[in-house]
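Q: Could you take a close look at the salt bridges in this one and walk me through how they sit in the fold?

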Amino acid sequence: MSNDIFKKKHVAYFKRVLQVLPVQRLDTQRVSIAFFGISGLDVLNALEELQSEKTKIIDWLYSMQIHPKADDSNLQQCGFRGCSVLGNSYDAHEAIHQQITSDSSNIAMTYTALVSMIILGDDLSKVNKRAVLAGIRSLQNEDGSFVSVLEGTEYDMRFVYCACCVCYILDDWSGMDMEKTTSYIVESLSFEGGFGQRPFNEAHGGSTFCAVASLNLMDRLYTVLTPQQISALIRWLMRRQSSGFTGRPNKPADTCYSFWVGATLQMLGVLDLADVTANRSFILSAQSSLTGGFGKYPDTSPDPLHTYLGLCGLSLIGEPELNPIAPALNMSQRAMDHLNDIHRIWRNDF
């Protein structure tokens, strides 16, 4: 096992991901996969690799935006979709004005599209904020949770997190009922100390990140959780470390939880309590020296999600070759600084 990060190989891995991406026709998750590649290169401090294609990628992402009709009859469907029926490349020429029957946005694709554009330096000036927020608002259930798509049935903490991110990015919380969202999150706090995907569910590392990050973005983390609940949460998170981190008790360490759990500990200001050396060794043991990329476990095939989150886990613990991470929005601090500049322009704070 190497004690070094194979940076050049990981850069090449993400470039392959983005090169293959356009031919994944009708892949409804295409925008999120692109996010892993774009943000992964950002964390690797290698965005210059996309310099010649940056404008095309931004145009392609904007082509995924569903605009309101003149009579606003489709306002609830607005936001960003995950792929284009017509688009099999980053050339958005035909895709921009296409009309698709029963076309609706996806809450996760909306979040990852916005973050990807911020990373690439876009100013979000072509985002129809009113329509996107209306689309997000239409996905909220009566109990405060969110579904991923209009008329969808799947709901859990992941989509709550995506909704909070979109509202934060657009600097407008009218896209949700914050009180209902907050209540849903608090009700999902398990007796174990972490958060479940829904109320009365087992605590899970991924849903705990989503819950804590959502409260953080709403600036409610320390107002709705008691000191005793915060202490129990930290204890539950610390018990997730073996070598790397696990998502639940009696599960093996998994590369992605070095971010999900590590980022949550960082937001709570206690990541320094973890065993950094053991965590780093575990993450590096899951990288491929042949193809680049990280697998879920050591000696498993790399995939874009675990490669990106493995790098984010390393960034959180100060890996010198990587850009720092702003954990709540799951983007680089460099991209977060750009978003703050956008917000200042919108608020005329200069």
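A: Buried residues make up 56% of the 350 residues in the protein chain, and keep in mind that this is a predicted model. The chain carries 14 helices and 4 strands. Its radius of gyration is 20 Å, close to the 20 Å that the globule rule gives for 350 residues, so the chain is as compact as a globular protein of that length. Along the principal axes, the C-alpha atoms fill a box of roughly 55 × 45 × 45 Å. If you take contacts with a separation of 6 or more, 68% of them are between residues 24 or more positions apart. On the outside, the protein chain exposes about 14,800 Å², with carbon and sulfur atoms supplying 50% of that.

Now the charges. Side chains of opposite charge can pair when their charged atoms come close. Here there are 29 positive and 37 negative charges, and their mean positions are 3 Å apart. With a cut-off of 4 Å between a side-chain nitrogen of Lys or Arg and a carboxyl oxygen of Asp or Glu, the count comes to 13 salt bridges.

Let's start with D72 and R130, whose side chains meet in a salt bridge at 3.2 Å, N to O. D72 sits in the loop between β1 (65-66) and β2 (79-80), while R130 belongs to helix α5 (residues 129-138), so this pair ties together parts that are 58 residues apart in sequence. How buried or exposed are the two partners, D72 and R130? D72 is partly exposed, with a relative accessible area of 30%, and R130 is partly exposed too, at 47%.

Next up is K180 with E142, a salt bridge with an N to O distance of 2.7 Å. K180 is in helix α7 (residues 178-187) and E142 is in the loop between α5 and α6 (157-169), so the pair ties together parts that are 38 residues apart in sequence. The accessibility classes split here: K180 is partly exposed, with a relative accessible area of 29%, whereas E142 is exposed at 65%.

Then there's D171, which forms a salt bridge with R347, the closest N and O atoms being 2.7 Å apart. D171 lies in the loop between α6 and α7, and R347 is part of helix α14 (residues 333-347), so this pair ties together parts that are 176 residues apart in sequence. D171 is partly exposed, with a relative accessible area of 28%, and R347 is also partly exposed, at 44%.

Salt bridges can be chained as well: E154, D156 and R158 are linked in a network of them.

While you're looking at loops, check a couple of backbone angles. Most residues other than glycine have a negative phi. N45 has a positive one, near 60°. It's found in the loop between α2 (30-43) and α3 (54-63), and N45 counts as partly exposed at 46% relative accessibility. F200 also has a positive phi, near 70°. F200 lies in the loop between α7 and α8 (205-217), and it is exposed, with a relative accessible area of 84%.

Conventions:
Residues numbered from 1 in each chain as written. Predicted model: local features only at pLDDT ≥ 70, side-chain atom pairs only at ≥ 80, totals over all residues. Heavy atoms only, no water. Helix = DSSP H or I, 4+ residues; strand = E, 2+ residues; numbered from the N terminus. Rg over C-alpha atoms; globule rule 2.2 N^0.38 Å. Buried < 20%, exposed > 50% of the residue type's maximum accessible area, 1.4 Å probe, protein only. Contact = heavy atoms within 4.5 Å. Areas by Shrake-Rupley, 256 points an atom, 1.4 Å probe, with all protein chains shown as cover. Lys, Arg positive; Asp, Glu negative; His and termini not counted. Charge placed at Lys NZ, Arg CZ, Asp CG, Glu CD.
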